[in-house]
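Here is a structure to explore by question and answer. Keep it in view as you read.

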Amino acid sequence: METQTVVASKATTSKTVHISGAEAVIKCLLEEGVDLIYGYPGGAIMPIYDELYKYQDKLQHVLTRHEQGATHSAQGFARVTGKVGVAMATSGPGATNLITGIADAQIDSTPMVCITGQVWKHLLGSDAFQETDIVGISTPVTKWNYQVTDAAEIPEVMAKAFYIARSGRPGPVLIDITKNAQVETFDFEYKKCTSVRSYKAKPTVNVAQLKAAAELINGAKKPLIVFGQGVILGEAESEFKALIEKAGIPSAWTILGLSALPTEHPLNVGMVGMHGNYSPNKLTNECDVLIAIGMRFDDRVTGNLDSYAKQAKVIHFEIDPAEVDKNVKTDVAVLGDVKDTLTEILPMIDENAHTDWHQEFKDYDKIEYEKVIKDDLYPSKDGLTMGEVLKEINNASKGDAVIVSDVGQHQMVACRYAKFNQSKSNVTSGGLGTMGFALPAAIGAKMGVPQREVVAIIGDGGYQMTIQELGTIFQTKVSVKIVVLNNEFLGMVRQWQQLFFDKRYASTELINPDFITIAKGYHIEAKKVTKREDLAGAVQEMMASKDAYFLEVTVEKEDNVFPMIPSGASVSDIRLS
């Protein structure tokens, strides 16, 4: 997004005071309602941290053990609260260490503002110590970014940053502030941003589009809804539920859409995509109307586009016009904020039940249960499965916990089997697939909703990518529950190697440290489970703990996650073994 003119609301003008740029940053954060930030200090951002020290009673700073941890923590906080997450870092390597989390937030539409320090203005371009062009580096993975070189720019730029991050389709924004801009003084006045010229956060709802969509839905014999995170980001859960219940439409979710609808809802038919459920994947290519709501037709959802839902009329409810017709050709595009569009279309929708169509899903569900689910949840073999660990967590949480999963086999198992009663309960790295996401994201999630249990489900590979954040847990005393499912492999890669590379397990077997000793070194209560008879008790003990808890569960080394759509195959080619 190019630099644009800010139109600010005069009603929110703050009193003029003469302060430094560094203090202005803190005051801007407070004006935006921020009370929690994650970060790691350094030389180029030291003036801001010095001012932050004076505002400790109003603004909590969490010192993560790595800047990537700061971004993932900010993401976790944003995902469970709906607020803008904030992360800070110094210049050079501090700033570049933010990039993975920023890229993750960009593809998963997570509102986040990152603030980086930069070298003095007169040193820009001179290869000064810890100078990096973070604006250039971050441009492809931010919704907007800006380099501040004059203190007087700070209020306007910060206001714009928060507006852009949270409005429309949310995303990450980066503000880079040179050191001179931090120490200069100016007359501070804050005006909240309410619009930006040439940036339209929400498309205007088109009634003709709504009528065309309603006509297709009302005439459908075999309609299928696939809903994504847009329902959650738009806070349209009740409107969505009202629509599907009135129309009687089976509804499947993407992994980021999970929890927008309770998992036990009778119209919830499961997950679509590579490791999704059998019925919604199979019946995608048999429905006559496919209704996509707040999702982007990711390749892991569609499989081979040449054979994806070619028989169906496609309706796409979407806030971002760039997503329409990008991957799947749409017959009717309903642009706008999903809360608005679902509200307006509801009176146009006929009541229906689609009983025979629902039975087709149930028939496929029986096949999946017998061939996959029964063995995952109630195995006859001696070794523990990932599925039965999730079953015990469900038994203990009753579907009320926030589940934060990392990336890999355990992620797919967690998404398939975790039970949710309320929205904003499933936190995972969807589009970027960032190993190491879960541990710091769980910290942010627990701080965002301290009244709820937060359980991180992590593989032994991803855990070691951000294991240093145990130090953040120890220092903050945040009571997250950490479950590592240890199969001594990079499990998802190993599964592909087994199925498609003749079991050549190239660089995927892990020789792991003693995770229990490491956890105890950070003064975190820890337990290891290797036998089935010990699992339920250990999970109950973990969930009953008032403090942080680490549970390692040794699971089968070479278990695979099914169903599975092979890469490049059609959704109809989903395999059960």
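The questions below move from strands to rings, then to spaces and the backbone.

Q: Which strand pairs with β16, and do the two run parallel or antiparallel?
A: The model is a predicted one. Four bridges join β16 to strand β15, residues 313-318. Within this pair, Glu 318 stands opposite Leu 335 of β16. The partner is β15, and the two strands run parallel.

Q: Which residues of β16 point the same way as Val 332, and are they buried or exposed?
A: Strand β16 covers residues 332-335. Ala 333 and Leu 335 point one way, and Val 332 points the other way together with one further residue. Buried means under 20% relative accessible area. The residue that shares the direction of Val 332 is Val 334, and all four named here are buried.

Q: How do the rings of Phe 186 and Phe 188 pair: stacked or edge-to-face?
A: A search of the whole structure finds twelve aromatic pairs. In this one, the ring centres of Phe 186 and Phe 188 lie 6.3 Å apart. Planes over 60 degrees apart count as edge-to-face. The planes of Phe 186 and Phe 188 stand at 75°, so the pair is edge-to-face.

Q: Which residue joins Phe 186 and Phe 188 in one aromatic cluster?
A: Phe 186 and Phe 188 are both buried. They share one aromatic cluster with a tyrosine. That residue is Tyr 190.

Q: How do the rings of Phe 297 and Tyr 308 pair: stacked or edge-to-face?
A: The ring centres of Phe 297 and Tyr 308 are 6.1 Å apart. Both residues are buried. The planes of Phe 297 and Tyr 308 meet at 75°, so this pair is edge-to-face.

Q: How many residues apart are Phe 297 and Tyr 308?
A: Phe 297 is in the loop between β14 (289-293) and α13 (299-302). Tyr 308 is in the loop between α13 and β15. The pair links distant parts of the chain, and the separation is eleven residues.

Q: Which ring has the charged end of Arg 494 over it?
A: The charged end of Arg 494 sits 5.8 Å from the centre of this ring. The ring belongs to Phe 489.

Q: Which element gives the largest share of the lining of the largest cavity?
A: The structure holds two cavities of 30 Å³ or more, and the largest has a volume of about 130 Å³. Its lining has 14 residues; among the closest to its centre are Met 386, Val 413 and Asp 559. Two elements give two or more residues to the lining: α16 (386-397) and α17 (409-417). The largest share, four residues, comes from α17.

Q: How many residues that line the second largest cavity are charged?
A: About 40 Å³ of space lies in this cavity. Its lining consists of Ile 217, Asn 218, Ala 247, Ile 349, Asp 350, Asn 352 and His 354. Three of these residues are nonpolar and three polar, and the number charged is one.

Q: Which element gives the most to the lining of the second largest pocket?
A: This pocket holds about 680 Å³ of space. Its lining has 26 residues, and those closest to the centre are Thr 263, Asn 268, Asn 277, Asp 365 and Lys 419. The elements that give two or more residues are β13 (268-271), α15 (355-377), α16 and α17. With eight residues, the one that gives the most is α15.

Q: Which residue does a cis peptide bond join to Phe 562?
A: Omega is about 0° at this bond. The residue joined to Phe 562 lies in the segment after β22 (549-554). That residue is Pro 563.

Q: Is Glu 488 buried, partly exposed or exposed?
A: Glu 488 is in the loop between β20 (481-486) and α21 (491-500). Its phi is positive, about 55°, although it is not a glycine. The relative accessible area of Glu 488 is 35%, so this residue is partly exposed.

Q: Does Lys 503 count as buried or exposed?
A: Lys 503 is in the loop between α21 and α22 (515-521). It has a positive phi of about 60° although it is not a glycine. Exposed means over 50% relative accessible area. At 52%, Lys 503 counts as exposed.

Terms used: Residues are numbered from 1 along each chain as its sequence is written. This is a predicted model: local features need pLDDT of at least 70, side-chain atom pairs count only at pLDDT 80 or more; totals for chains, interfaces and linings use all residues. Side-chain values use heavy atoms; hydrogens and water are left out. Buried means under 20% relative accessible area, exposed over 50%, partly exposed in between (1.4 Å probe, protein chains only). Two strands pair if DSSP finds at least two bridges between them. On a 1 Å grid over the protein atoms alone, a cavity is a set of points where a 1.4 Å probe fits but cannot get out, and a pocket is an open set with protein on both sides within 12 Å along at least five of seven lines; lining residues have an atom within 4 Å of a point. Grid points are joined across faces, edges and corners, and a volume is the space filled by probe spheres set on the points. Ala, Val, Leu, Ile, Met, Phe, Trp, Tyr, Cys and Pro count as nonpolar, Asp, Glu, Lys and Arg as charged, and the others, Gly among them, as polar. Rings of Phe, Tyr and Trp (its six-membered ring) pair if their centres lie within 6.5 Å; planes under 30 degrees apart count as stacked, over 60 as edge-to-face and the rest as tilted. A charge sits over a ring if NZ of Lys or CZ of Arg is within 6 Å of the ring centre and within 35 degrees of the ring normal.
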